[in-house]
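Student: Hi! Could we walk through this model together?
Tutor: Sure, let's open it up.

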Amino acid sequence: MLQNIRIVLIETSHTGNIGSAARAMKTMGLSSLYLVAPKVLPDEQATALAAGADDIVQSAVVVDSFDQAVADCSLVIGTSARSRHLSIPSIEPRACGGQALQYAQAGAKVAIVFGRERVGLTNEELLKCGFHLSIPANPDYASLNLAMAVQLVSYEIRMAMLAFEQQPQTALVAEAAEKPLQQELEFFFNQTEQLYRRLDFIKNNGVMPKLRRLYARADLRKNELNILQGMLSAVKKKCG
């Protein structure tokens, strides 16, 4: 089931961080690594710091954008050390491990997204995530590097898997299987914005982030998203 969970690194600056993250993943049984627009493609330094996990580095999927990296995922969790005022549900590493396993066991794809080494994820990227993952480190010295953060989250995923094998939670697995893919949500948000701009309801860039937060709290299922899409289509048709 761990094959359904991917680690996504956004615009890494140092190839050594890619190798170190791959090593952290492999020690916990994770193998799916996505790289979004890395500043430098994996090289000898990445292989050296992978320390035996170079197979993960070599098989890493390189894409151009955040959206491409998570398009086929039903659960996207964005990590950020900084507190944000975006009203996205927060989650800690232990709960993150449990959530990820529930989806993965149901056959759904999960993405845990880590931002740039210096500045992390943008607000726009974090708004596209279902959860905001923060590590409750020492507030006087919360200096975790990228590989450390990947290691900690990967560990919690593995511990959740071991617990899951002892006592499967079938009801939660079924619930996870009902969630829409990220690309389906993005299609809905794009259509919503286009329609409401046509109707002059949206006149500034502050409305869509609020709508995203509203629907994130609603925790939509596939059939509910289909109803909302049908409502958009009906309005479009009525408006000609």
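**Domains, sheet and salt bridges**

Tutor: The C-alpha centres of domain 1 and domain 2 lie 28 Å apart, with domain bounds taken from an automatic or database domain assignment. This is a predicted model, where local features need pLDDT of at least 70, side-chain atom pairs count only at pLDDT 80 or more, and totals for chains, interfaces and linings use all residues. Residues are numbered from 1 along each chain as its sequence is written, and side-chain values use heavy atoms, with hydrogens and water left out.

Student: Which residues does each domain cover?
Tutor: Domain 1 runs over 2–166 and domain 2 over 182–239. Eight residues from domain 1 and seven residues from domain 2 make the contact (heavy atoms within 4.5 Å).

Student: And what area is buried between domain 1 and domain 2?
Tutor: About 840 Å², with carbon and sulfur atoms giving 56%; that is the accessible area (1.4 Å probe) that two parts lose on being put together, summed over both. On the domain 1 side, Ala71, Leu127 and Lys128 supply 49% of the area buried against domain 2, more than any other three residues.

Student: How many salt bridges are there between domain 1 and domain 2?
Tutor: Zero, taking a salt bridge as a side-chain nitrogen of Lys or Arg within 4 Å of a carboxyl oxygen of Asp or Glu. The whole structure has 12. One salt bridge joins the side chains of arginine 221 and glutamate 178 (3.7 Å, N to O). Arginine 221 is in the loop between α10 (207–218) and α11 (222–239), and glutamate 178 in the loop between α8 (170–177) and α9 (182–198), so the pair ties together parts 43 residues apart in sequence.

Student: Switching topic: what's the strand order in the open sheet?
Tutor: β3-β2-β1-β6-β4-β7-β5, seven strands with parallel pairing. Strands here are DSSP runs of E, at least two residues, and helices runs of H or I, at least four, numbered from the N terminus; two strands pair if DSSP finds at least two bridges between them.

Student: What is the bridge partner of glycine 78 in β7?
Tutor: Histidine 132.
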